[in-house]
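Please open the structure in your viewer and keep the selection tool at hand. We will go from stop to stop.

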Amino acid sequence: MKKIKTYTEALTKLEKTVAEIESGELTVDELTDKVKEATELVNICRKKLRSVEEDINKSLDELN
Amino acid sequence: MSAHLSLLELNKLIQSTLSGNLEPGYWVIAEISELKVNQNGHCYIELVEKDEQRVIAKTRATIWANVYNNLSLWFERMTNQVLKPGMKILCFGSIQFHELYGLSFNIKDIDANFTLGERERLRQEVINKLMEDGVFDMNKELPVDLALNRIAIISSPAAAGYEDFMNQIEANEYGYKYNIDLFKATMQGSAASESIINALHTIYNSNTDYDAVIIIRGGGSRVDLDCFDDYELAFNACQFPIPIITGIGHERDQSILDLVAYKALKTPTAVAEWVIGKSMDVESTMIDLMHRTGKYVQLILNQKRTDISSLTNRLSNSFKIQLSNNDYQLNRMCSQLKSDVKLFMKQAHNGLDDYGTKVNYLNPINTLKRGYSITSKNGKMLGNEKLNVGDIIETRTLYSLLESKVQKIDDLNEED
């Protein structure tokens, strides 16, 4: 999997992967790979979201 | 030759007839028309009585030196006047008839009170005439500058009074300067009235804008001030367009010139003090005005300072209110932002969680773990495609991959 840089990129790819899985047209092997990929993407998204959340909280704290 | 008398006999007869019939003395009212004092000190007078201007009686009179010396001094002291032509007197004397010198009235006493009363009567006449002319108060009613600067003086330059006045004015301790012009005039005797009137005319014709005319006299004889009671002089002074101030130096009551003048003072020194006093009044008024102005300016300044400080306070309060408004808005926006962010993050998390759940749910391993298996034919998972007996299929369980041959097919005909 090529390097994902942004949250939006990861999310778009996640949506696409989930849609592929849901289509039911994958082979078992493909399915396994796709699920693995989707799980990774979810983790990437979570990580990025957490990092964004931290940044935002830090900035908001500076407001007070 | 008829009976006759010699002239001497006739005169002696007159003399004896007179002395036999006349009282030793009479009080007589008469006007002096001529008066001479000879080198022996005897005074020779011509007495007249007039009806209007016409002489209706005339007599020679004498005051012998022994009487005249005392009588004239006493009369002067009492009336402040010398015996002179034009004066009406009440005198006591006796008729003497000398065979060589003829009839003469020998004066032994003069009633000074009569002359004073007579003088007062004449003065009153002049005053009444000025009143009738409507000029009496004219000079008094002139407007006078608050302070006098250009001053015309009518005086005799040699008079001690003039010197007193100038000394007083020039030595004033306040340093006031005056522009003073002297107009010379005779200040006593019969020529004084005309001389002063001429001086007034000269002042008028000079076209100089004098603030006042000061008429001063002083020193010298205290007698013979009748010139200042003269009608013509008073008449001119009344109507003079510049205020007249007198310092004639009367000890007795005021002269008519004093009465009609704008201001009458006893002495030249008093006039100088009055002039300086006016300047002082103006200066003190000015100082007072300056102080009042200063105080007023201070008041205004303080008021303005208060205004400015009140404006500053209002401005600062307005700033504070604005700032606090903005602060409030910022805080509100901040809170809004925080809650928005929170919501957004929550939604993002929830979305991700959904994906996570979905991915987990879709993960075939989990299905296999629950005891299900996945069947595929030629690598492709079985959906609704038909299988035939004898087809080779692959079955994936959690831990095994089975290959089977279809031996029997029962259609389940599940509708849903």
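This tour goes through the chains, their contact, some helix pairs, the nonpolar cores and two loop residues.

**Start with the chains**

Keep in mind that this is a predicted model. Select chain B. Its 416 residues include 21% that count as buried. Colour by secondary structure, and chain B shows nine helices and 14 strands. Many of its contacts join distant parts of the sequence: among those with a separation of 6 or more, 64% link residues 24 or more positions apart.

Now select chain A. It has 64 residues, and 20% of them count as buried. Chain A holds two helices and zero strands.

**Where the chains meet**

Show both chains together. Chain B puts 22 residues into the contact, and chain A puts in 20 residues. Which elements of chain B give two or more residues to this side? Select α8, β11 (374-377) and β12 (380-381) of chain B to see them. The greatest share comes from α8(B), with 13 residues. By class, the side of chain B that touches chain A has 12 nonpolar, six polar and four charged residues.

**Helices α4 and α8**

Stay with α8(B), which covers residues 268-362, and add helix α4, residues 160-170 of chain B. Their axes lie 8 Å apart, at an angle of about 25°. Angles under 35 degrees count as roughly parallel, so α4(B) is roughly parallel to α8(B). The crossing is right-handed.

Show the side chains here. On α4(B), pick Gly161(B), Tyr162(B), Asp164(B), Phe165(B), Gln168(B) and Ile169(B). They meet Pro268(B), Thr269(B), Val271(B), Ala272(B), Glu273(B) and Val275(B) of α8(B). This contact of α4(B) with α8(B) is made of seven nonpolar, three polar and two charged residues.

**Helices α5 and α6**

Next, select residues 192-205 of chain B, helix α5, and residues 231-238 of chain B, helix α6. Their axes come within 9 Å and cross at roughly 20°. That angle makes α5(B) roughly parallel to α6(B). Here the crossing is left-handed.

From α5(B), show Ser193(B), Ile196(B), Ile197(B) and Leu200(B); from α6(B), show Glu232(B), Leu233(B) and Asn236(B). These two groups meet. The contact of α5(B) with α6(B) divides into four nonpolar, two polar and one charged.

Which residues of α6(B) are buried? Pick Leu233(B), Ala234(B), Asn236(B), Ala237(B) and Cys238(B). To see what the buried residues of α6(B) pack against, add α3 (112-133), α5, β9 (244-247) and α7 (256-260) of chain B.

**Helices α2 and α3**

Keep α3(B) on screen and select helix α2, residues 65-79 of chain B. The axes of α2(B) and α3(B) come within 10 Å and cross at roughly 40°. That makes α2(B) oblique to α3(B). α2(B) passes α3(B) in a right-handed crossing.

Phe75(B), Met78(B) and Thr79(B) of α2(B) meet Ala112(B), Thr115(B) and Leu116(B) of α3(B). By class, the contact of α2(B) with α3(B) has four nonpolar, two polar and no charged residues.

**The nonpolar cores**

In soluble globular proteins, nonpolar side chains tend to be buried together. The largest nonpolar core here has 46 residues. Which of its members touch the most others? Select Val213(B), Ile214(B), Ala237(B), Leu257(B) and Val260(B).

Zoom in on Val213(B). Beyond its neighbours within four places in sequence, Val213(B) is in contact with Ala152(B), Ile154(B), Ile203(B), Phe240(B), Ile242(B) and Ile244(B). Another core, of 15 residues, lies apart from the largest one. Ile63(B), Leu71(B), Phe105(B) and Ile107(B) are among its members.

**Two loop residues**

Finish in the loops. Select Glu52(B), between β2 (43-51) and β3 (54-63) of chain B. Glu52(B) is not a glycine, yet it has a positive phi of about 60°. Is Glu52(B) buried or exposed? It counts as exposed, because it has 5 C-beta neighbours inside 10 Å.

Then move to Asn207(B), in the loop between α5 and β8 (212-216) of chain B. Phi of Asn207(B) is also positive, near 55°, in a residue other than glycine. Asn207(B) has 6 C-beta neighbours inside 10 Å, so it counts as exposed.

Terms used: Residues are numbered from 1 along each chain as its sequence is written. Chains are lettered from A and ligands numbered from 1 in the order in which they are written. This is a predicted model: local features need pLDDT of at least 70, side-chain atom pairs count only at pLDDT 80 or more; totals for chains, interfaces and linings use all residues. Helices (H or I, at least four residues) and strands (E, at least two) are DSSP runs, numbered from the N terminus. A residue is buried if 20 or more other C-beta atoms lie within 10 Å of its own, exposed if 12 or fewer, and partly exposed in between; C-beta atoms are placed from the backbone. Two residues are in contact if their C-beta atoms, placed from the backbone, lie within 7 Å. Axes are lines fitted to C-alpha atoms, for helices over the stretch in contact, and angles run from 0 to 180 degrees between N-to-C directions. Angles under 35 degrees count as roughly parallel, over 145 as roughly antiparallel, 65 to 115 as roughly perpendicular and the rest as oblique. A crossing is left-handed if the near helix is turned anticlockwise from the far one by less than a right angle, and right-handed if clockwise. Ala, Val, Leu, Ile, Met, Phe, Trp, Tyr, Cys and Pro count as nonpolar, Asp, Glu, Lys and Arg as charged, and the others, Gly among them, as polar. A nonpolar core is a set of buried Ala, Val, Leu, Ile, Met, Phe, Trp, Tyr and Cys residues joined through C-beta atoms within 7 Å.
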